[in-house]
Amino acid sequence: MMFSRFKKLSFIFVILIFSFSFGCTQSKNSLEMKYGEDVNYFFGLDALRQKDFEKAKKKFTRCAQKGSYYPARKSFEQLVLLGNVQEKIKLCSDFVKKYDDDDAKLFACKIFIQEKEFDMALGVTEGLDLSKASGELVRLRLDLMARKKDARLEQTIYDWFTQRRISSDHYNFYRENARDELEEVLFGDANAEGIISGFSLALSSVQQFRVALYRGNYNAAYEMLDEIRDLTIARKTVPLTYQLIADIGRACVNGGKDNIANADFFVDLAADDNFLDSRMKYFSLIYSGLLYNKVDNYRRRALKQFEAAIPFAADERENDQAIWYYLQACLKISIEETIAGLKKYCSVWNDADYFDDFFDSLCVLLFSAGKWKPFTEIYSIIKDYASPFTVSKFAYLSARMIQEKFVEGDDDQIKTLFKIAAECQTGTYAYYNFLAAKQLGFSTEQVNDLFFGNKFESNQIDEEKSSDEKILSARKLLLGYADFGFWENIYDEWLRFFEQDKYIVDIETAAKLSAFLRELDDGKNNCYSKSLRMISRTVNVHKGKIPREVFLLLYPKDFSKEVDAACAEFEMEDYVMYALIRTESFFEVRAQSHAGAVGLTQLMESTAADCAARLKVQNYDLNDSATNIRFGTYYLSNMMSRLDDSKILALFAYNAGLTNVRRWIRTSKIQFDAQEEISSDLFLETLPFAETRDYGRRVISAAAMYAWLYDNLNPCDVVSEMM
């Protein structure tokens, strides 16, 4: 893949700023000084590449004995894999005793099975927490129990199927095993032995019920409810769990017809103190509320159920979930009820970001109802509790309501609100920051000061993590993969750490790794998208400003040759197309959506066929980066030509279709009682599709970032030009 001269210089600059030299540019001695005993793990991996197995064993043995936690552990794993049969079994037993977590058990279990030591494999999996263990590990245990004809098998399957949310692991297990075995008995297969037990039938019924929900077949699941209730509640043939209560609720909400009767069932269930634990009560109350909320005259009863659920929440997430449901129910009653709900609960929620979609819905409701005054009141209520993005949004819109004379206020109030909106630390999702900064007339230098930090600023979480030896070892492992050239290990290992604890890998380490991966990409190995996903997810959880060099990683100019050619052909600014590609596919060549959109610019096949016909292209491949970018650029430019050269309207049409955009324009005039087009920033807030609203904000924000970072254009001016 060819890089533009500017792109090369940008990323050379990134590497120099970080003072971080990877791979073979470092001498062996400097690497040994940097990594100490951990260097032996990487030397061992290099010996494996050279097929020098004896040297590899020596290096891994030394690191396993003297290295820091993660390189030592990885070295131990390698020693197991390199051993003969007897060595593998002995080392594997020692390994799982030393580390004794689910990852270690999975590794050991696979080795024991490979060596046909089934009893040892089964022993490793004893005592699994079926509500938390990985599906792969549970599947191995179930296979081993079946092989040994373990009498606990059916109960273990039932517990696994009912103690956690159903997943693809459950579904695949059901398809491969449970359904066929049941059919052999029910339909009189000649090879079926014995009579199926009551527990077996109940187990199968519960499995079928949960699988129907997993597949979205709510009507079928609802038809099974009487049987499930009878088995779990009336006859107690099998235990009732909170997950089953939640699934019964899902079936009622999505497939049921008698909402009041179903809600009353959950009310009665929640009242049974002898039958339910606190988690069961929580879900019984939540689903009674959801069902009441579907009926106009019962919404206040729904509020009571959601409020009653809050004390039974098992954790912060369930607490926030109950409050979220409460506020959503308030929306259906009135704006006044919603404001009262915010006053009551905004100070006691935990994850402010969890409520962003609620505030987005509230904003649309205010616009559709022509309610302008509540904007300033809501802002004053939530300013200390909502996410920075939502605070920025409501501060900006409150100022705009005053500015448009929808709400009383003076110039000082407007300026204060715009200043707050501009200065909220929203990370890279800077749509309202840029809009507000434009209103205040910020220069490029002022915007730089607003966003860029001079260094990697640590916060309390970073400081706590930096003293943890295991976390430092994890970061050292990842950086070692880069220094020693094992690039293929980096992303998966980082993702495993991130999913374990999103603060394990700090932003400085993630930036170094991201920069390293970018320089390796050849347009085919997805290092572009991996690099971008790594740095984006890390920045999203980081609190504080970040250096400009990280922004270059967050907004890369990948596929620059193809983008430059397409933009020149169709007279489109390159920063618009980079923003569109970043938003659509994160620069993943073979990205494909659930709806069937393909490639970097996420074109539907029908749209691509139309583009091909207009461009007189007979044979094409949407997975080809040049073709996909050319078609996407043409399609966006075509939408612009049909919408008075408006970039923002063209983007809406790109996402939701031209017909929808034209209808929305007509509707917005009615909402604002306007004869002329309303301003684009307010028009965006009226769109009925949440996806399109978010899409517009993200592309506009990203385009401004690209123009700012690479062309030194004032991002506020770019936002204004695109709107």
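What follows is a chat about reading charges and burial in this predicted model.

Biologist: Let's start with salt bridges. How many salt bridges does the count come to?

Modeller: The general idea is that side chains of opposite charge can pair when their charged atoms come close. Here the count comes to 46 salt bridges.

Biologist: Give me one to look at. Which side chain does Asp-38 meet in a salt bridge?

Modeller: Asp-38 pairs with Lys-476, at 3.4 Å from N to O. Asp-38 sits in the loop between helix H2 (28-35) and helix H3 (39-49), while Lys-476 belongs to helix H28 (residues 469-483), so this pair ties together parts that are 438 residues apart in sequence.

Biologist: And are the partners buried or exposed?

Modeller: Buried means under 20% relative accessible area. Asp-38 has 2%, so it counts as buried. Lys-476, at 27%, is partly exposed.

Biologist: Where does Asp-103 lie, and where is Arg-496?

Modeller: First, the contact: the side chains of Asp-103 and Arg-496 form a salt bridge at 3.6 Å, N to O. Asp-103 is in helix H7 (residues 102-114) and Arg-496 in helix H29 (residues 490-500), so parts 393 residues apart in sequence are tied together. Asp-103 is partly exposed at 44% relative accessible area, and Arg-496 is partly exposed at 30%.

Biologist: Which residues are linked with Asp-103 and Arg-496 in a network of salt bridges?

Modeller: Lys-74, Glu-77 and Glu-493 join Asp-103 and Arg-496 in that network.

Biologist: What about Asp-717: which lysine does its side chain meet?

Modeller: That's Lys-438, with 2.9 Å from N to O. Asp-717 lies in helix H41 (residues 715-722) and Lys-438 in helix H25 (residues 431-440), so the pair ties together parts 279 residues apart in sequence. Asp-717 is partly exposed, with 41% relative accessible area, and Lys-438 is partly exposed too, at 35%.

Biologist: Now for charges outside salt bridges. Which residues form a negative surface patch?

Modeller: For a patch, you look for like charges with over 30% relative accessible area and no salt bridge, joined within 9 Å. In this model, Asp-315, Glu-316, Asp-351 and Asp-353 form a negative one. Take Asp-351: it's in the loop between helix H20 (335-345) and helix H21 (356-368), and it is partly exposed at 38% relative accessibility.

Biologist: And Asp-558, is it buried or exposed?

Modeller: Asp-558 is buried, at 0% relative accessibility. You'll find Asp-558 in the loop between helix H32 (548-554) and helix H33 (560-570). Its C-alpha atom is separated by 9.6 Å from that of Ser-529, 29 residues apart along the chain.

Conventions
Residues numbered from 1 in each chain as written. Predicted model: local features only at pLDDT ≥ 70, side-chain atom pairs only at ≥ 80, totals over all residues. Heavy atoms only, no water. Patch = residues over 30% accessible without salt bridge, like charges linked within 9 Å, V, L, I, M, F, W, Y side chains within 5 Å. Areas by Shrake-Rupley, 256 points an atom, 1.4 Å probe, with all protein chains shown as cover. Salt bridge = Lys/Arg side-chain N within 4 Å of Asp/Glu carboxyl O. Lys, Arg positive; Asp, Glu negative; His and termini not counted. Charge placed at Lys NZ, Arg CZ, Asp CG, Glu CD. Helix = DSSP H or I, 4+ residues; strand = E, 2+ residues; numbered from the N terminus. Buried < 20%, exposed > 50% of the residue type's maximum accessible area, 1.4 Å probe, protein only.
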